[in-house]
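Here's a quick look at a chain, with a few local details worth checking by eye. Have the viewer open while you read.

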Amino acid sequence: MNKKGFAAYFEHFSTAVTKATGSSTAFLLALLTILVWLVTGPVFHYSDTWQLIINTGTTIVTFLMVFLIQKSQNKDSMAIQLKMNELIAAQDGASNRFLNVEDLSEEELRTLHRYFTVLVEKAKKDVKITASHSVEEAEERHEEKLETQQKGKPRKK
């Protein structure tokens with residue numbers, strides 16, 4: 001997957017900068033910059049220009065870092081989503097409807113959340129909480145377990 005051009009350069013650059021700026025060395029460098037600025041305050045009589053230097057510098061760095069950090073978070077988020085998709089796809093009984101669940105609308109996610117809240121309440125009433133199921137199977141299996149318990153027969157595993 002070799003990209004060419006600006007996109008490839010920017011991805012490499014943003015990854016390197018994000019790693020570098022998240023290091024202890026970067027923090028110490030930023031702290032040193034602030035300390036030098038503070039020490040030079042009396043030399044410049046705490047002038048407006050002296051204050052403007054730190055304000056401008058930090059604003060520019062913050063503005064640019066927002067975009068670099070967002071790029072890095074987007075990439076990390078996609079990698080995590082792909083890993084989760086692989087786990088769901090590989091798990092017997094897991095609902096494939098949850099592949100790319102991040103693409104659902106907020107309302108659809110709330111609906112799923114409400115559904116799982118109901119399942120949690122039902123699971124609290126069950127003797128064996130580890131008997132969880134996919135979305136498609138959960139309601140049916142829960143009803144089967146209840147019927148089996150009511151008849152006094154051993155439950156299926």
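His45 sits in the loop between helix 2 (24–39) and helix 3; helices here are DSSP runs (H or I, at least four residues), numbered from the N terminus. This is a predicted model, where local features need pLDDT of at least 70, side-chain atom pairs count only at pLDDT 80 or more, and totals for chains, interfaces and linings use all residues. Residues are numbered from 1 along each chain as its sequence is written, and side-chain values use heavy atoms, leaving out hydrogens and water.

Back to that loop: His45 isn't a glycine, yet its phi is positive, near 55°. With 68% relative accessibility, His45 counts as exposed (over 50%; buried is under 20%, partly exposed in between, with a 1.4 Å probe and protein chains only). Asn100, in the loop between helix 3 and helix 4 (106–125), also isn't a glycine and has a positive phi of about 60°. Asn100 counts as partly exposed, at 38%.

UniProt's unreviewed entry gives two stretches as "transmembrane region"; such annotations may be inferred rather than shown by experiment.

| Span | End C-alpha distance | Helix | Strand |
|---|---|---|---|
| residues 26–44 | 26 Å | 74% | 0% |
| residues 50–69 | 29 Å | 100% | 0% |

How do helix 1 and helix 3 cross? The axes of helix 1 (residues 6–21) and helix 3 (residues 48–90) come within 9 Å and cross at roughly 100°, the axes being lines fitted to C-alpha atoms over the stretch in contact, with angles from 0 to 180 degrees between N-to-C directions. So helix 1 is roughly perpendicular to helix 3 (65 to 115 degrees). Contact (heavy atoms within 4.5 Å) involves residues including Phe10 and Phe13 of helix 1 and Met65 and Leu68 of helix 3.

Methods. Helix = DSSP H or I, 4+ residues; strand = E, 2+ residues; numbered from the N terminus. Parallel < 35°, antiparallel > 145°, perpendicular 65-115°, else oblique.
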